[in-house]
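Thanks for taking a look at this model with me. Below are some notes to read alongside the coordinates.

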Amino acid sequence: MAKIIGEPLPNIPWQDKPENCKTSVWRYTNNPIIGRNGNKNSNSVFNSAVVPFKDGFAGVFRCDSRSISMDLFAGFSKDGINWTIDDEPLNMVGDDPEVTRYEYRYDARVCYLDGKYYVTWCNGYHGPTIGIAWTTDFKEFHQIENAFLPYNRNGVLFPRKINDNYMMLSRPSDTGHTKFGDVFVSQSKDMVYWGKHRFIMGTVEGNDSAWQSTKVGAGPTPIETDEGWLMIYHGVINTCNGFVYRMGAALLDKDEPWKVKYRSKNYILAPHELYECVGDVPNVVFPCAVLTDSETGRIAIYYGCADTVTGLAFTTVDELLNDIKANSL
Ligand code: BMA
């Protein structure tokens, strides 16, 4: 039995694994939990991140508008399933207008670290890079320096320092719909200057695991376990109908997280349901957040579906680890 290192979360959203389910991850039966019309002017609500907050949950949501602009909005929930999302975008404050200047914001992750909620997202600054802000109340967000030079996406913080350094996953990219992408980890003493970049994993060539042959990118905040860091990620294949996004998982070394111990050969979730296959961008499942309960080992995964709505899926630390150990690349 593997153990999640973290807080208990007795109110984690949950449904037991259906009896006939052959996979390590299963969907919430009332998916999608958030539809297109999540707030006043939304065209779509997806690729969003949630955390436990007070006696419920809070999150940062990607709501593309009906003019198709990308921005982030705070949201609140009592049960992690029914959400109220603000109509106004995040109230971002900061000393340097060069840093707070807004081009676009999307695909947020939220990480509880050092008593604050850190938000990382894909931030437009002459091309996409990784923006960082912190909040304590989900009302005011203090934006600090962008982590990297453009172009970069999928910046994901670890929930604690490792060997006295903050750690951030990211995926160097380009200005468009990137046709490549490997996952790296970078280190920082102060959340401003990032360095000591280490390669974690790249795409898989050949016929072995083609769902992750075009690009891979980190998903939710990594889950600390007694066996290492459990990293859920997205993997992409380029087909004659365009990109298809699936979900995988890897176990990273506890102290040197650039060392991969196991990695999914089989995907753990793929666009099979109608709301994952039909939408503004068909055939996308894109994980951005997990809730975990250290008491039971339960994991709830929040993921964007077809760049249109938000879905919820479940697994446990044992289900996931057994799966990737039994079917590892
Ligand atoms: C990526 C990002 C994600 C999106 C995905 C599929 O490049 O833009 O936000 O979910 O493509 O369109």
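The points below go from the whole chain to single residues.

1. First, the ground rules. This is a predicted model, so local features need pLDDT of at least 70 and side-chain atom pairs count only at pLDDT 80 or more, while totals for chains, interfaces and linings use all residues. Residues are numbered from 1 along each chain as its sequence is written, and side-chain values use heavy atoms, with hydrogens and water left out.

2. Overall make-up. You will find three helices and 22 strands in the chain; helices (H or I, at least four residues) and strands (E, at least two) are DSSP runs, numbered from the N terminus. The C-alpha atoms fill a box of roughly 50 × 45 × 40 Å along the principal axes. The radius of gyration is 18 Å, which agrees with the value near 20 Å for a compact globule of 329 residues; it is taken over C-alpha atoms, and the globule rule is 2.2 Å times the number of residues to the power 0.38.

3. Burial and contacts. Of the 329 residues, 57% count as buried (buried means under 20% relative accessible area, exposed over 50%, partly exposed in between, with a 1.4 Å probe and protein chains only). Among contacts with a separation of 6 or more, 54% come from residues 24 or more positions apart (contact means heavy atoms within 4.5 Å).

4. The largest nonpolar core. This core has 40 residues, and Val60, Trp83, Phe138, Phe141 and Tyr302 have the most contacts inside it. A nonpolar core here is a set of buried Ala, Val, Leu, Ile, Met, Phe, Trp, Tyr and Cys residues joined through side-chain atoms within 4.5 Å. Elements giving two or more residues to the core include β2 (42–53), β3 (56–65), β21 (298–305) and β22 (309–316). Leaving aside residues up to four places away in sequence, Phe138 touches nine partners: Val51, Phe53, Ala58, Gly59, Val60, Ala74, Phe76, Val110 and Tyr117.

5. Another core and the helix α3. Apart from the largest core lies another, of 24 residues, among them Met247, Val290, Tyr303 and Val317. Val317 is also one of the buried residues of α3 (residues 317–326), alongside Asp318, Leu320, Leu321, Asp323 and Ile324. The buried residues of α3 pack against β16 (223–225), β17 (228–239), β18 (242–252), β19 (260–263), β21 and β22.

6. Two cis peptide bonds to check. One joins Asn31 and Pro32, with omega about -5°, and Pro32 sits in the loop between β1 and β2. The other runs from Pro150 to Tyr151, with omega near 10°; Tyr151 is in the loop between β10 (141–144) and β11 (152–157).

7. Positive phi outside glycine. Is Ala306 buried or exposed? Ala306 counts as buried, because its relative accessibility is 0%; its phi is about 50°, and its place is the loop between β21 and β22. Lys196, with phi near 45°, is in strand β14 (residues 195–201) and counts as exposed at 54%.

8. Exposed loop residues. Thr29, in the loop between β1 (26–27) and β2, is exposed at 62% relative accessibility. Thr29 and Leu312 are 283 residues apart in sequence, yet 8.9 Å apart in space, C-alpha to C-alpha. Asp55, in the loop between β2 and β3, is exposed as well, with a relative accessible area of 71%. Asp55 touches Asn11 and Lys78, not counting residues up to four places away in sequence.
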